[in-house]
Amino acid sequence: MGFSRTYEEINEKIKTGRVVVLTAEEIIPMVEEKGVEAVAREVDVVTTATFGPMCSTGAFLNFGHSDPPIKMTKVWLNDVPAYTGIAAVDAYIGATELSESAGFEYGGAHVIEDLISGKPVKLRATAYGTDCYPRREIETYITKDTINQAYLFNPRNAYQNYSVAVNSSDRIIYTYMGTLLPKLGNATYCSAGQLSPLLNDPYYRTIGIGTRIFLGGAQGYVAWEGTQHSPSVSRNEKGIPVGGAGTLALIGDLKQMDRRFIRAAIFHKYGVSMYVGVGIPIPILDEEMVRFVSVKDEDIQAPIVDYGVGRRSKPTYGTVSYKELRSGKIIIDGKVVPTAPLSSLAKAREIAETLKTWIREGKFFVQQPVQPLPAEQLTKPLEIREKDEFPINI
Amino acid sequence: MAKKRIVLTFPPSLVEKPLTYRLVKDFDLAINILHARIVPRESGRLVIELSNSSEENIDAGIRYLEEQGVNVEPLSKEIRWDEKECINCGACTAVCHSDALRMNPETWKLEFDKDKCIVCEMCVPACPLRIISVTF
């Protein structure tokens with residue numbers, strides 16, 4: 001057995017200011033120069049980050065009780081409907097929900113960004129009225145400081161790798177992967193690659209339920225596996241999934257967040273989404289973790305998927321590495337296709353640096369997961385079925 | 001060196017006339033084609049930059065075009081990018097044909113080269129943050 005260290009040892013070093021932290025980009029040349037074993041001894045934590053559009057984002061809000069009180073049955077925030085089929089003044093505002101008055105130009109993500117920015121947001125609610133909650137409607141303004149609680153709960157963030165999008169059809173198409181030009185006129189990709197959290201811990205040894213993270217400028221946690229968590233997809237010889245695989249459900253206090261690290265987005269003719277900044281520290285427990293965090297863009301491949309075909313199974317044009325994608329052009333069927341990112345590497349670097357500073361300054365401690373994420377699982381499709389296709393006695 | 005950027009719109013009857021050739025031959029103008037949409041039997045649109053040591057030659061060339069029935073307008077529209085609001089995602093670079101918007105390969109921050117921009121406006125709706133606009 002080679003060198004190893006524990007979470008407790010790392011946190012002790014953070015407390016005493018002796019911790020050595022590098023970003024997942026900085027570690028690459030260091031491993032090449034010094035070798036895995038030396039780096040394992042020297043470095044305690046490696047920071048990873050991503051800043052990309054993540055539709056599966058939203059916030060739970062508790063507005064506090066009015067006088068007389070109301071049991072809200074419909075809620076709008078700046079004209080964007082929020083879900084309130086839970087307790088009286090609890091609601092969930094989803095990032096992709098559209099405004100009933102402004103449509104595509106304003107949505108739940110904008111409400112969340114406005115709340116984070118401290119802007120007043122108009123709250124409107126209706127109710128049927130009960131003996132204990134007699135009020136039937138309310139209209140008021142809220143800010144993150146006036147309401148009781150506000151926390152992000154994002155069912156699916158930080159996708160471990162993703163497809164590259166192209167369009168083979170004859171017309172321009174507008175997708176969540178951006179504007180795709182006809183006849184393979186461009187290719188878009190969306191991952192921080194060698195800096196991305198789950199690509200630096202491909203088998204989820206240190207990222208699991210309870211892991212403390214950077215979320216939108218605040219400290220948050222991994223709450224659960226993300227929706228469509230699909231670790232059993234095919235992997236390359238380095239164990240890196242080729243395409244979308246693991247995902248994370250994340251939670252964090254909206255009131256502590258900073259608009260620099262979380263922003264509303266509009267994808268033309270598609271809808272509203274939200275750029276979410278996620279940073280995850282990877283504790284260097286042993287040499288294996290050094291090998292994982294030294295992953296390079298050239299080791300990570302993504303499938304080239306034809307979004308010009310509007311079906312669940314889309315044709316693919318083989319795979320391409322992030323090194324090739326970052327070069328600005330790739331070759332598909334002999335044709336030179338310009339590439340463009342959708343996820344901001346500049347912001348991801350800023351997040352990895354910020355997290356590094358927090359750890360060095362003793363403001364952020366690493367947390368061992370209370371339970372690992374599922375290691376084997378595939379996404380189930382939704383089929384159109386009749387009720388009588390199921391056995392009678394269930 | 002004097003330079004002028006103009007937008008030419010010409011009727012189908014003029015599409016097959018060698019207008020740019022005459023600008024070079026008779027007026028000694030250097031022509032840089034920034035954007036062209038010319039289809040036989042349809043009206044055409046051409047965005048060009050004319051340059052010559054004398055502004056008079058450029059103006060004479062423009063008068064010639066107008067005499068031929070070409071509608072000439074200065075390229076006065078401009079793309080405005082609100083850099084301080086930018087998150088440097090790169091979505092706009094996916095649709096920029098002229099390479100005016102590009103990611104710096106070291107910093108991965110967006111760079112905008114106004115001189116290369118042909119104001120096709122594709123980037124305006126492609127920006128997820130709505131921070132690219134056209135000014136007149």
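A residue is called buried here if 20 or more other C-beta atoms lie within 10 Å of its own, and exposed if 12 or fewer do; anything in between is partly exposed. With that in hand, let us walk through this predicted model, starting with chain B.

**Chain B and its second helix**

Chain B holds three helices and eight strands, which follow one another as β-α-β-β-α-β-β-β-β-α-β along the sequence. Its C-alpha atoms fill a box of roughly 50 × 35 × 25 Å along the principal axes. Of its 136 residues, 29% count as buried. Among the contacts in chain B between residues at least 6 apart in sequence, 63% join residues at least 24 apart.

Helix 2 of chain B makes a good place to linger. Its 13 residues, 55–67, should span 18 Å at 1.5 Å a residue, and the end C-alpha atoms are 19 Å apart, which agrees. Which residues of this helix are buried? They are Ile58(B), Gly61(B), Ile62(B) and Leu65(B). Because these four cover an arc of only 100 degrees around the axis, they sit on the same side of helix 2 of chain B. The spacing fits a familiar rule: an α-helix has 3.6 residues a turn, so residues three or four places apart point the same way. On the other side of helix 2 of chain B, Glu56(B), Arg63(B), Glu66(B) and Glu67(B) are exposed. The cover over the buried residues includes strand 1 (2–10), helix 1 (19–27), strand 3 (44–52) and strand 4 (71–74) of chain B. After helix 2 of chain B comes Gly69(B), with a positive phi near 100 degrees.

**Where the chains meet**

In the interface, 17 residues of chain B are in contact with 20 residues of chain A. On the chain B side, the residues that touch chain A divide into 11 nonpolar, four polar and two charged.

**A sheet in chain A**

Turning to chain A, four strands form an open antiparallel sheet in the order 5-4-9-10. Strand 5 (80–82) and strand 10 (137–142) of chain A stand at the edges with a single partner strand each, so one side of each has no neighbour in the sheet. From one strand to the next, the twist averages 25 degrees. Strand 9 (residues 121–126) and strand 10 of chain A are joined in the antiparallel sense by six bridges, and Leu123(A) has Thr140(A) of strand 10 as its bridge partner. Helix 4 (residues 108–116) of chain A lies across strand 4 (74–77), strand 5 and strand 9 of chain A, and runs at about 125 degrees to strand 9.

**Loop residues worth a look**

Two non-glycine residues have a positive phi:

| Residue | Phi | Loop |
|---|---|---|
| Asp79(A) | about 75 degrees | between strand 4 and strand 5 of chain A |
| Glu121(B) | about 70 degrees | between strand 7 (110–112) and helix 3 (123–126) of chain B |

Asp79(A) counts as partly exposed because it has 15 C-beta neighbours inside 10 Å. Glu121(B) is partly exposed, with 15 other C-beta atoms within 10 Å.

Chain A also has a cis peptide bond between Asp67(A) and Pro68(A), with omega at about -10 degrees. Pro68(A) is in the loop between strand 3 (58–62) and strand 4 of chain A.

Is Arg18(A), in the loop between helix 1 (7–15) and strand 1 (21–23) of chain A, buried or exposed? Arg18(A) counts as exposed, since it has 10 C-beta neighbours inside 10 Å.

Conventions
Residues numbered from 1 in each chain as written. Chains lettered and ligands numbered in written order. Predicted model: local features only at pLDDT ≥ 70, side-chain atom pairs only at ≥ 80, totals over all residues. Helix = DSSP H or I, 4+ residues; strand = E, 2+ residues; numbered from the N terminus. Expected span 1.5 Å × (residues − 1). Arc of directions from axis to C-beta. Contact = placed C-beta atoms within 7 Å. Nonpolar A, V, L, I, M, F, W, Y, C, P; charged D, E, K, R; others polar. Pairing = 2+ DSSP bridges. Axes fitted to C-alpha atoms, helices over the stretch in contact; angles between N-to-C directions.
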